[in-house]
Each structure stands twice: as C-alpha cells, then as structure tokens.
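User: I keep meeting labels such as "buried" and "edge-to-face". Could you take me through the reasoning behind them?

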Amino acid sequence: MSDAQPVPAGTMPHSGDPSIHRPEHASDGASPGAVTVSADSVEFDDAIVRQFMMATIFWGIIGMLVGVIVALQLANPLFNFETSWLSFGRLRPLHTNAVIFAFAGNAIFTAVYYSTQRLLKVRMFSDLLSRVHFWGWQGIIAAAAITLPLGLSQSKEYAELEWPIDLAVVFIWVVFAVNFFGTLIRRRERHIYVAIWFYIATIIAVAILYIFNNLAMPASWDRSYSVYAGVQDAFMQWWYGHNAVAFFLTTPFLGLMYYFLPKAADRPVFSYRLSIVHFWSLVFIYIWAGPHHLHYTALPEWASTLGMLFSVMLWMPSWGGMLNGLLTLRGAWNKVATDPVLKFFVVGVTFYGMSTFEGPLLSVKSVNALSHYTDWTIAHVHAGALGWVGFMTFGMLYWLAPRVLQAPLWKPNWATLHFWLGTIGILLYIIAIYSAGLTQGLMWRAFDAEGYLQYPDFIETVTVLIPMYWVRVVGGTMYLVGAVMCGVNLFMTWRARPATYTPSIIHAAPLAGGWREPAIPGSALANAPVVEFAKKLDVFAQMRWHRRWEGLPMLFTIFVTVSVTVASLGEIVPMILLKGDIPRIETVQPYTPLELAGRDIYISEGCNNCHSQMIRPFRSETERYGEYSKPGEFVYDHPFLWGSRRIGPDLARTGERIPSAFWHLRHLNKPTDTSKDSIMPPYPHLLEETIDFDAIERSMIAMRKLGVPYDDADIDGSSESAREQAERIAAQIVAEDGPRGTEDRQVVALIAYLLRLGTDLNRPIDVEVEDITVAGAAPDEEGTDA
C-alpha cells in the first residue's frame, strides 16, 4: 500500500507533506491564487537555469563526440592520426571528464537552480554567486579541454586535472555551496522536499571526496604528485572514484528524479517512507563500497572484502529508489506512450535499476575475478552513464525548455526520434561491449588440455574484439546523433523566445517563528505508559521524527556530514595507520632520476588508460606476466599506476619479460613493427622531443617532501645521473642495431622506466639500480604487447 495519496483537484499540495510528498505545483511560476496579506512576491532567477541548460547540451555533444573518436581509435588505430594530443591515452580522460563534469555537472546545476528556488519558494541567495559559479565552472571545463590533450595529468581516474585546476574546482564548489545553503537558510517553505536531501548529500560528499583524494605535492605549475603512495593511493583513489559515481552521478540525479518525474507525470511520489530509507541507506552505505574495485590486488583483503559486503547491501535501497520512481507513474502509464519526456524518465530509471543490480554483482569476488580489467566494466559504466544520467538529463531538458525559454518546443517529434535513436544506440553499445568483456575474461584465463595458456599472446585476445568495437562505434554514433538533435531542438526553441521573458513570480510569506519547529499535531502522548509506548512506536513508524529533521536543514546537513565522514574514516584511518606495516622489500629502491622522468612521460601519455601494473594471484596471470604483485613494490609510487583495464597487457614485469631497449623503441615508434595487428597508437613524437633534464631536480625535491629517500647528493646530481643512464640506454639501442642520437630523447626516459618495471624483486641487494645495464635479445616479432 502506498503512503502517498492523489491530490484532490483544485488543492495546492504541500511540498513536504508525507501524505502527499510531491513537488509544489505553484513552483512553475504561477501565483497560487489566494495570497495572505503577509505574503511577498518572489521572482525566480531563471536566467541562470537557461545558462546551465544550454551549457549542458553543448558540452554533452562535445564529450560524446570525443567518446566516438576514442571508440574509433580502438577499432582502428589510424584514428590516432599519429598526433600526440589526439592519441587515445590523452583523449580518453578528456572524454570521461567532459561527460562527467561538463555534461552531467551542468545538468546537475540546471536541476538544482530550477528546483531549489521553487521547492524553497525563494530566489537563490546571490545572483552574483550564481554567475561566478556558472562562468567559473565553464572556465574549469575549458581548462581541462586544453590541458588533458597536452598531457598535463595526475593520472588518477576521474581526477586527472592538475593542481591549479583542482584549486579552482574547490573554490567554485564552495561558491556553489554558499549559494545553495544561503538559499536554504532564507527559504519560505518550512520542510525540505526529498530532492533537497539529495542535493545536500551531493554538495557535502563531493567536497570531502574531491579535496582528500586530490591532495598533491606540486613540483611545478603543471606537475604534481599524490601525497599518498602505492596501496594507500589506490585505496584513496577508489574511495573517491566509486563515490564520485555515487555522489556526482547518482544522488543529484535522484534529486532530479524526485522533482521532475512527479512534475512530468503530474503524480505524487509513490512513498515518502521509502524515500527516507532510500536516502539514508545510500548516504551511509555507498561510501564504504569503493575497495571492491581492488579485489585480488596488493590491497589488504579485509578492505576489499568490506567493500564487497557494503556493495551487496546497496542493492536493496537502490532498487527501493528505482521502484519509488517507477511506481510514481501509477495511474499515468498511458502518458508514457505519447510523452517523450516520460519515455526518457522511464528508461532512465530502469537503467538505474539495472546498473545498481549489476554493480553489487560485479563486487562479488568470484565475478570480479572474471570481469576486472575487461570491457565488461566499460559496458557497466556506460549503461549507467548513457542510460541513467543521459536519459534523465535529456528528459529534464525537454521538460524545461518550453518553460524557461517560454516558447513551444521547436520539433516535438524530434524528441521522440531522439529517444529511439538513443535507446537503440545504448543497446548496441552495451551488448557489444558486454560480449567483448566476457570474451576477454574467458580468453585470458583459458588453458588447453596440456595445461598451457590457450592464448599466450595477448594480441590474440585483442584482434577478436575488433568487430565488437565497430558495433560500439555505430551505437555511440547513434547516441551522439540523438544528442545533436536535442541541441538543435533547444537552440531553435531558444531562437523563438519572446523579446522579453515573463518573470516567474510566486507569492510566499516568510517562515513564521524563524527556525523554531512548530509542534506536530497529535504528537503529545498520553500519560498511560502503554499508550505512551504505542504512540512512540507509531511516531517512529510514520517517520514523524524525520519530519522534524526536514524543518531543521542545518541539523539535517550535519547528520549527512557525520554519516559520510564516519563511513569514510572507518576505512581510511586503518589504511593510513597500516602504512608502516606494509612488508618492505629490501631490493625495492626509489626510481633513478631518468626513470622518474620516464614515469612522468608514461603518465603524460596516458599509458595507464590501457595497461595495468598489477598482477593478481591467479595462475592465468602469473603464467602470462610473472610473479604476482606485492604491496612492498609500490611504496615509492606517487601516484599508483595499477590501472583499471587492459586494452594492452600488464606491464608490472615488463622489464624482465622484454629487456631489449631497441624492442621498446621500435614498439613505441610503430607498434605494428613488433606486434602485428596492434591497436596501440604510435608515439613518433617521443623520438623527436627532448628530455627536460632540469625539471628532474624539481620532481625529486617534491618526491623527497613526500618521504621518498632521496638525499642532497641524489638531487644535486640528478641531471648528470639522468644523462649518464640515458647514454647507456642509447648505447644499448645502437648495440642492438638501433638508431643513434637518442640519448636526449624522451623515448629513452620512457624506456628506462619500462626496463625498470619488475626487476627489483630479483636484483641483488648490494647492487644499485643505476649500475644495472639491461641487455637481452628482442622477443618474438609477434610480441606480447598490443
């Protein structure tokens, strides 16, 4: 039985009333009719809504276009155009940042600025802060669009932006928070509606996550290093990475759902009590789930197991939210057949349900052992991003356009066509990539009857995926075409706008009694103990205690902050305290100056987007790559580079497996020279661009501040030491019939880093890293790289 009832005709529902729990009808700008003498006129700021709305579709098209380009690059490496700033490793983080922070971010702000004013019956706290927020956020996006293709990256997934841009993100987020909470304090509606709860959680959690994950030590204005190393850095990254999905791509869009879906359907939210359970369960449970991304890695098993348990628990409240959304349409399903807005919302909420079932499934260790590093994860992410985030955004844009632009939608039938293009595009994309992921996982672990790897060359597991990659290109292109149609539709609707917008005005009185919460009728209890106890139980069951919290939003915010903080500290504190207990490996030494420079180039080129550096303790992996990875190997890694997918093979032991400097040079210059059918982009620019030897000293100084044991002599002689090692590697290249004159080229620094990987475990304790001259025959031409 639903605990929400239809609103009688002609009545104005209360936005916080649990018996109705529906966005305020007066919120569309119409005056509510009879107005009390003390009521004031409130004019909403719809200009900021229009700005964020148009920015949403603009950046969405850009981000999806880049997504189609990187999909083409995986289908055929010719689409890298042998251009450094267009290579897959640099464009992939641009794609993810554009879709998450530009498309989804602007959509969040559109929803917040429109719905908050109407739910709280007050204009935003400051028009100036609203404009600073808008232009500041667009400036951040533009900075990301410039720096990421130039190779300026911290390498951490969804957190690649360098430290000056990080500071700008924090500043603009604070501006947004001040504007939002200032509006909350000045509200003219006593109780805050469920959408506002989710906005509060988003603002608080994203601030905590972004700040603590992005703590870094600058070496220069364009380079910095994570303050965490190895295992701790991996943990912090996926504490952030998983919860970025939770609190940037889930909670704000649930707020969007709870406001715009009832408005579009003209129905109250199905269940007030279910929304309470949904909200608090997500806020507390979600934050624990991140470590499941690191099953079977060097992370302590207790941490990943804990993450798995909380991930599985997430399934129930997540589906509670999905059902609350879909059941809101009870009595209005006939509208779905004709209303494209409701079509987008229904499919979007359905994809939310699918993704929140699959997420807990993928967190289970036995499933994760198969899926991790494969395209299965990519399909899962895109089902949520394209289906849930994308469709909820498009539904909101089509609903908002005629209201804030004050003109009929230019082509309503295009919205319906967009829906079908997008739906078919998503299905083509995810079916192909689910198939690719399962194919990868099964081929990687396959053994023949004699007990040998059935597909010993990694390239065999790549070429079989190419047809599926082309299907992804088709599906992604269809989705992009739909987005372009939406952009044209909104633009033409904007062109038909009136010469002067009619202000959206309501009449609302200031809150009586200020912050004091009025008594709830019927809450006084009888003196009889039995009756008193029974009534207390009834108060709890009816969620009246929560009703009080809704009238005290600052207290509500404190509870949210405590929930997020306690859950975070429950994992972070033990992980940080265990830093000194990581088993040390005596032969593991800091990187030499040249290797450190090569590692920076590895990060700059985005190699971690295609290659992992983490061998799991599975026979299929140790047979293919070598001994499994140990926590002590990464104590000097700022940042960690374990990766999250394997488009190419794992590189954790590549220095042992492929000790030929000339092989690496040939492979980097033209991958198909060493690995036929490779889809890796070529890097000829590394043979042309020179090493910045002077910058190495600054990097080593930053590393020493982070605890890496470089002494003064190491730092003062860093340039000379790097040149000497570069000359030795250049001589090795010549000795293997390679070209001359590479001793000052970036490719030599990168080769130095690759040759170092995996060699520490078998190096004699009394031999310094820089004294090693690696030599060896080149591997078979079919190679082990992709």
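Analyst: Below, each label is set against its cut-off. One note before we start: this is a predicted model.

User: Why is Phe109 called buried?

Analyst: Buried means under 20% relative accessible area. Phe109 has a relative accessible area of 0%, so Phe109 is buried.

User: And what makes Phe176 count as buried?

Analyst: The cut-off is again under 20%. Phe176 has 2% relative accessibility, so Phe176 counts as buried.

User: How many aromatic pairs are there?

Analyst: The count comes to 53 aromatic pairs. One of them joins Phe109 and Trp137.

User: What makes Phe109 and Trp137 an aromatic pair, and why is the pair called edge-to-face?

Analyst: A pair of aromatic rings is described by the distance of the centres and the angle of the planes. To pair, ring centres must lie within 6.5 Å, and planes over 60 degrees apart count as edge-to-face. Phe109 and Trp137 are 5.1 Å apart centre to centre, with 90 degrees between the planes. Both conditions are met, so the pair is edge-to-face.

User: Where do Phe109 and Trp137 sit in the chain?

Analyst: Phe109 is in helix 2 (residues 88-120) and Trp137 is in helix 3. They are 28 residues apart, and the pair links distant parts of the chain. Both Phe109 and Trp137 are buried.

User: What about Phe109 and Phe176?

Analyst: Their centres are 5.0 Å apart, with 70 degrees between the planes. The angle is over 60, so this pair is edge-to-face. Phe109 in helix 2 and Phe176 in helix 4 are 67 residues apart. Ring pairs also build a cluster, including Phe109, Tyr113, Trp137, Trp173 and Phe176.

User: How do you know that Glu160 has no salt bridge?

Analyst: A salt bridge needs a side-chain nitrogen of Lys or Arg within 4 Å of a carboxyl oxygen of Asp or Glu. For Glu160, the nearest side chain of opposite charge is Arg92, 5.2 Å away. That fails the cut-off, so Glu160 has no salt bridge. Glu160 is nevertheless buried. Glu160 lies in the loop between helix 3 (127-147) and helix 4 (163-185). Its contacts include Pro93, Thr96, Asn97 and Leu148.

User: Why do strand 1 and strand 4 count as paired?

Analyst: Two strands pair if there are at least two bridges between them. Strand 1 (residues 40-43) and strand 4 have four bridges, so they pair, in the antiparallel sense. Asp40, for one, has Ala508 in strand 4 as its bridge partner.

How values were computed: Residues numbered from 1 in each chain as written. Predicted model: local features only at pLDDT ≥ 70, side-chain atom pairs only at ≥ 80, totals over all residues. Heavy atoms only, no water. Helix = DSSP H or I, 4+ residues; strand = E, 2+ residues; numbered from the N terminus. Buried < 20%, exposed > 50% of the residue type's maximum accessible area, 1.4 Å probe, protein only. Lys, Arg positive; Asp, Glu negative; His and termini not counted. Contact = heavy atoms within 4.5 Å. Phe/Tyr/Trp six-rings, centres within 6.5 Å; stacked < 30°, edge-to-face > 60°. Lists of a residue's contacts leave out its neighbours within four places in sequence.
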